[in-house]
Amino acid sequence: MTHLLELYKCKVCENVVEIAHCGIGNLVCCDESMKLMEEIVPNKDDAHFAHIEFLDEKTKKITYKHPMTKEHYIEFIEVISNDKKYVKRKHLKPDEPCELIFECNCNEGFYTRLYCNIHGVYTTKAEEK
C-alpha cells in the first residue's frame, strides 16, 4: 500500500514519482517494481540539514549549505505541513541558491524535504521558534 507524498524511484530509468493518491497496487516502471525512497534525517553538521529562519509570523526562509554543481546538487526542496495539507516545492538547477522562501501559518508545524541527485531524500523537522 502506498501513502500520501511517498517518493518512489525506478531502478532502471531513475524516474522519481510522488504519491498524490494512496492505493494498494505495486508501482511499476520499466517492467520492474519501483523502490520506495528512504528518507534520511541528517545531523546538524550535514549539508543536507535545513536551516530555517523565521522572517515574520508567516514568512520563513529555508537554506542548505549544499554543493550546487552540475555533478552534485539539490533537485528540489519541499515544505510540508505536518497534516500534509500544505506542500510548497521549488525545483532547482545547478548554480542556483539552495533556498526556499515561503508563507504558511502552518500552526500544526512543518518539515522540509529535499532531493539530492547523489544521496537521495533528506527530511528535516522544523525547529520551534
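This short talk covers the cysteines, the nonpolar core and one sheet of this structure.

The model is predicted, so local features need pLDDT of at least 70 and side-chain atom pairs count only at pLDDT 80 or more, while totals for chains, interfaces and linings use all residues. Residues are numbered from 1 along each chain as its sequence is written, and side-chain values use heavy atoms, with hydrogens and water left out.

Cysteines first. How many disulfides does a search of the whole structure find? It finds 0, where a disulfide is a pair of cysteine sulfur atoms within 2.5 Å. The closest cysteine sulfur to that of Cys13 is in Cys10, at 3.6 Å, which is too far for a bond. For Cys98 the closest is in Cys116, at 9.1 Å, also too far.

Cys98 is buried, at 7% relative accessibility, and Cys13 is partly exposed, at 36%. Buried means under 20% relative accessible area, exposed over 50%, and partly exposed in between, with a 1.4 Å probe and protein chains only.

Now the core. The largest nonpolar core (buried Ala, Val, Leu, Ile, Met, Phe, Trp, Tyr and Cys residues joined through side-chain atoms within 4.5 Å) has 18 residues, and Cys98 is among those that touch the most other members, as is Ile77. Strands β9, β11 and β12 each supply at least two residues of this core; strands are DSSP runs of E, at least two residues, numbered from the N terminus.

Last, the sheet. An open sheet of 5 strands runs β6-β13-β12-β9-β10, with mixed pairing; strands pair if DSSP finds at least two bridges between them. β9 and β10 are antiparallel over 5 bridges, and Ile80 has Val87 in β10 as its bridge partner.

Key. Helices (H or I, at least four residues) and strands (E, at least two) are DSSP runs, numbered from the N terminus.
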